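Biologist: Could you take me slowly through one part of this protein, the second largest pocket, and tell me what lines it and where that lining comes from?

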Amino acid sequence: MENILIFANPIAGRGEGAAIARQLEERLRADGYAVRTFLDRPEEIDVKQLDAGARAAIVIGGDGTLRAVADRLFRTPGGPSATTPPGPPLLAVPLGTANLMGRHLGIQWQAETLAERVSEVVARCKVIRLDTARANGQLFLLMAGVGFDAHVVHELQRARAGPIRFTSYLLPAALAMGYYEYAALRVIADGREVFPSAPAIAFVGNISEYGTGFPILPDARPDDGVLDLCVLPCNSRAQVMSLFLMAAAGEHTQAEGSVYLKVRHVRIESDHPIPVQVDGDTAGHTPVEIDLLPLRLPFIVP
């Protein structure tokens, strides 16, 4: 009897996370699996309860939940390392706001057939392996941001009182447009300075998609063994709006003074602490060290 781990954010999908976990648990047990369900925050789960050899780790929630589960499994004794194959493979059941990883992997579950399809996909277990990175020690799967967008994420986290919707970003974004101080960033990539100290925003990541619906890192691929770095000079509200429109048209990487590179290590410094976000979660402040990890995490795809 093979083990299945289910992790659910109970408030995701306006409270649907726990109900879906119970639905999947019932179906998978009927199909002959031993199932263990976790509704706690991933960082609060005792690593001794996590089976690194399980057939699958099903994650119900948004990108933040997926990142937190991956980080917890990554730290599990006997789990992923630079020299051993990571496991168990992750299967996303997206219920968050942006769900960038779910969109990237082409996962589109239908509510009426969810349990049946998940069991079929687990049985087939088609696995792909994706690059993984960390920022100041925090694992991330999608993208790290430094500057304006990270400030919005920090403000949202400070004010949130429940599930996040797209509209939840409106007030923090509006406040940031009015009050954010466009601080100078200095960017060192693979040991050389690629952007001297000047007001800017920066992104480093594995996939092209972003929560705005258009690609911030247009050339990024999650399995190419490198990270994409994009630094955009930005010193005013007007310039933020201009960059937003250019990004919507796919022209932001051509902005004057912009930098776009394939890298493995990035250090971003500033004269005073600037917010950092990873996969839509707060991740401290600058200075930040961003590294490509020497492993690829396994994901189950339909």
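Modeller: What follows is a close look at that pocket, set within the chain as a whole. Please keep in mind that this is a predicted model, and that every value I give is computed from it. The protein chain has 302 residues, of which 50% count as buried, and it is built with seven helices and 15 strands. Among the contacts in the chain between residues at least 6 apart in sequence, 75% join residues at least 24 apart. Its accessible surface comes to about 13600 Å², and carbon and sulfur atoms account for 50% of that area.

Turning now to the pocket itself, the second largest pocket holds about 260 Å³ of space. It is lined by 15 residues, and those closest to its centre are Val-93, Pro-94, Leu-95, Gln-108 and Trp-109. If you look for the parts of the chain that contribute to this lining, you will find that helix H1 (12–30), strand E4 (90–94) and helix H3 (100–105) each supply at least two residues. The largest share, three residues, comes from H1. As for the chemical character of the lining of the second largest pocket, its residues divide into eight that are nonpolar, five that are polar and two that are charged.

Note on methods: Residues numbered from 1 in each chain as written. Predicted model: local features only at pLDDT ≥ 70, side-chain atom pairs only at ≥ 80, totals over all residues. Heavy atoms only, no water. 1 Å grid on protein atoms, 1.4 Å probe; cavity = no way out; pocket = protein on both sides within 12 Å on 5 of 7 lines; lining within 4 Å. Points joined across faces, edges and corners; volume = space filled by probe spheres on them. Helix = DSSP H or I, 4+ residues; strand = E, 2+ residues; numbered from the N terminus. Nonpolar A, V, L, I, M, F, W, Y, C, P; charged D, E, K, R; others polar. Buried < 20%, exposed > 50% of the residue type's maximum accessible area, 1.4 Å probe, protein only. Contact = heavy atoms within 4.5 Å. Areas by Shrake-Rupley, 256 points an atom, 1.4 Å probe, with all protein chains shown as cover.
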